[in-house]
Amino acid sequence: MPIEILMPALSPTMTEGSLVKWHKAEGDSVESGDVVCEIETDKATMEVEAVDEGILGKIMVAEGTDGVLVNQVIAVLLEDGEDASAISTASAPTPAAAPTAAPAPAAALAAPAVTTPVPAPAAAPSGARLFASPLARRLAADAGIDLNAITGSGPHGRIVKRDIEGAQAGGVATAAVAVTVQPAPAAAAPKPAMVDDASLPPYTEVPHSNMRKVVARRLSESKQTIPHFYLTVDCELDNLLALRKDLNSRSDDYKISVNDFVVRAVALALGKVPEANAMWTDTGMLLFDQADISIAVAIPGGLITPVVRNAGAKGLVAISAEVKDMAGRAREGKLMPEEYQGGSFTISNLGMFGIKNFSAIINPPQACILAVGAGAPRPVVKDGALAVATVMSCTLAVDHRVVDGAVGAAFLAAFKPLIEDPVSMLL
Amino acid sequence: MSDSNFDVVIIGAGPGGYVTAIRGAQLGLKVAVVEKQHLGGICLNWGCIPTKALLRSAEIYHYMHNAGDYGLAAKEISFDLAAIVKRSRGVSAKLSKGVGFLLKKNKVTVVDGEARLNGPGKVDVSKDGKAVSTLTAKHIIIATGARPRELPGLEADGKLVWSYFEALVPETMPKSLLVIGSGAIGIEFASFYRTMGAEVTVVEVMKQVLPVEDAEIAALARKSFEKQGMRIMTDAKVAKLDKATNSVTATIETADGKSETITVDRVISAVGVVGNIENIGLETTKIKTDRGCIVADGLSRTDEPGIYAIGDVAGPPMLAHKAEHEGVICVEAIAGLDVHPIDKAKIPGCTYCHPQIASVGLNEAAAKLAGRDIRVGRFPFMANGKAVALGEADGLVKTIFNAKTGELLGAHMVGAEVTEMIQGYVVAMGLETTEEDLMHTVFPHPTLSEMMHEAVLDAYDRAIHT
């Protein structure tokens, strides 16, 4: 029986949208995962992917059509061995008159095979019951998160605690969603929000993602409420680079980066100056027994900080493998909440962009963040004479409520020799 | 497909292995389970189940002694140890047979013998040292369980120093007994033997008995044990055992540097269990181990693709119900179902001594250590009508909530029948209820479970009966 492709709902409130473009023509073969067409609402465009394979038998709604109702049949897919004559038995366009109307029987039969892999909660008509645990509801209310925007990963798509935590950390919910949502291009958002501000040049408004909101909230809170101070130290890298080259030449199984050395050096330095491995709470200072190092990783639309647990107990190869694995999965949005929550100290490295030196904002509730710059040849004075060395500047941002200047300095004094004489990391 | 090729081969038919096998079969997988000794494993044959049978005898014996409290009279109270043991063995045998029936009903192939991995995808089976067959499978699940931990100098010898194997089948009732270790296993045996009349000394190296439990609950339990005549030494260590023909003299060192010797008929060594990772061919794979257990992720995957580890051998908490649940998730993931890793913070634990102990989630100290702002509720048994009517007025129900979100972080109980009640809180945690939902839940009257309601109310200063 031919498979109907229905107009998907991009949000719970969406009742209609525009069919912008067909990526397949009638007679084209369609593989599962192929983009079939593009749909647009006032907020976003969405690519509709095929779940089943077959031949695109007939396009029911031409491209460029506005006001296509949700659940209307937009095309029919023919399975192996079927020819176009089968389409006559397929249902004619059956627009859903109202979101609450029962689907036509034919549509109901075809439902399991329909290629609209929109997450269940998002497809629910507005006013339908939303399934969320009591704890998830309370956490969402506290964090100001709209449950309608969340995909539930619990039983039967129920929204549970981990989904809220995922959304808070940047919308990395674990549920697989086959629809790629992109911000609408300028043409789709012709009305800027601040229309009265005529002095602005033309612009495009990009709606905030959850991650953007979290980044904005947490870092504003950090910079406004935490008394930051900054300590900078220059570290000579030549020994480290030589050791790195030597280690990396021994095997193809790993490729240790400078940052991996920095992670280990920070963990070991925290072991020597445990007062810096701390966190402020209203009732008391938490002093951690191990260094769980958060690594800032840039991902599309923001950043996330996967954590290397107890990094001081791990060797360079283990750290390197872990960071590579988590950073890769972070970019794919596949980190589990326990992999990016917690952490006692953060490292932010912009060396790969050639940044010489910068000051980072503390990642609350942690007390310290180390901003790592690029290693570059610089003039240094050695034995009273000018010489050239590869130098990397690191700036520690410190929460003065927890860590005083002398303690921060002691941390850097422990960190610097580990970087400059990396063999001492073996000790 | 030959008869030696399966979708899933499971090594070990303990509670983890056999439940996983049945779930796999339900999902349409072709499953074999290799077991070297008993269907049902340690749990059913030498652990959870036979100890419950012994403790039931002890409980009734205890009631008989206290018949007068209830206006009854029981004279010439005595027991037949051989009959108690026989009943316990009978219970195990019956249930083991039941497991065999269930596996057969679900068309799971049961292979009798010792399994050994032979690289990925292959399991060699031998019996009495002779090769029997080689099984091949896309997926292999290691469920080999654990065995008693042996400390140097305190090893069980089967005669004077017992592990749980010997402690389950005593031929004579020792007059005096030293139990090393006050975890669930040690305390349950201490409770059984004390109730049956032995002089029992328990030595625990940690600061409290039942070290994983909430400190307040453990302190109440200790008070009860001492009231029953048990001697409890915490912060203490058995330094050595000197064996005579029919007695053992133990040297016990306490934290304050003093040492003491006591002479007992028998010693039970209950210092924990270690994973069975030896002689199963791990060296033919990329599997990694850590502190005696196989390293596996939340879906029980090891470092060798296609090989999984569940239950005790995959690390703590070493509990039968954790093994079962882990196995089910593992095999459901193999079958392509959408699953989430087990949440270890929501695995309950039960100890069947008298009084019983049951708990789930974080204890008070752990919750504070995690930096949580918490609310703690408490409700004592003596304020509960049913408890007083039962003559079981000793005990406490304790709840721990996240003060900010109302999430139930933990629940801890000591007292009569608490092991049958804890699942109420486990369900509540699993469904992510908040204090509000629990407050709105109707608990039947008169039951012990009303204390679970009151302990929630008390966390928000709303308890009615205190």
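Q: What makes strand E21 (residues 356-361) of chain B a partner of E24(B), and is the pairing parallel or antiparallel?
A: Two strands pair if DSSP finds at least two bridges between them, and since six bridges join E21(B) to E24(B), the criterion is met, with the strands running antiparallel. Strands themselves are DSSP runs (E, at least two residues), as helices are (H or I, at least four), each numbered from the N terminus. Within this pair, B:Gly361 stands opposite B:Gly410 of E24(B).
This is a predicted model, in which local features need pLDDT of at least 70 and side-chain atom pairs count only at pLDDT 80 or more, whereas totals for chains, interfaces and linings use all residues. Residues are numbered from 1 along each chain as its sequence is written, while chains are lettered from A and ligands numbered from 1 in the order in which they are written.

Q: How do you know that strand E23 (residues 396-402) of chain B also pairs with E24(B)?
A: Six bridges join E23(B) to E24(B), again in an antiparallel run, and B:Val397 stands opposite B:Met413 of E24(B). These two strands form a hairpin with five residues between them, and B:Gly406 in the turn has a positive phi of about 75°.

Q: Why is E24(B) (residues 408-415) called mostly covered?
A: A residue is buried if 20 or more other C-beta atoms lie within 10 Å of its own, exposed if 12 or fewer do, and partly exposed in between, with C-beta atoms placed from the backbone. Eight of the eight residues of E24(B) are buried by this count, so the description holds for the strand.

Q: Why does B:Met439 count as partly exposed?
A: B:Met439 has 15 C-beta neighbours inside 10 Å, which lies between the two limits, so the residue is partly exposed. B:Met439 is found in helix H12 (residues 435-440) of chain B. Leaving aside neighbours within four places in sequence, B:Met439 is in contact with B:Val456 and B:Leu457, where contact means that the C-beta atoms, placed from the backbone, lie within 7 Å.

Q: What makes the E8-E15-E9-E10-E11 sheet of chain B open, and which strands stand at its edges?
A: The five strands in that order are paired in parallel, and strand E8 (161-162) and strand E11 (231-233) stand at the edges with a single partner strand each, so one side of each is left without a neighbour in the sheet. Inside the sheet, four bridges join strand E9 (residues 176-180) to strand E15 (residues 266-269) of chain B, and B:Leu178 stands opposite B:Val267 of E15(B).

Q: How do you know what span to expect for helix H7 (residues 258-272) of chain A?
A: The expected span is 1.5 Å times one less than the number of residues. For the 15 residues of H7(A) this is 21 Å, and the helix reaches 21 Å from its first C-alpha to its last, close to the expectation. Among the buried residues of H7(A) are A:Phe261, A:Val262 and A:Leu270.

Q: What makes a group of residues a nonpolar core, and which residues have the most contacts inside the largest one?
A: A nonpolar core is a set of buried Ala, Val, Leu, Ile, Met, Phe, Trp, Tyr and Cys residues joined through C-beta atoms within 7 Å. The largest has 136 residues, and those with the most contacts inside it are B:Val9, B:Ile11, B:Val33, B:Ile142, B:Val179 and B:Val267. Apart from it lies another core, of 54 residues, among them A:Cys235 and A:Val403.

Notes. Two residues are in contact if their C-beta atoms, placed from the backbone, lie within 7 Å.
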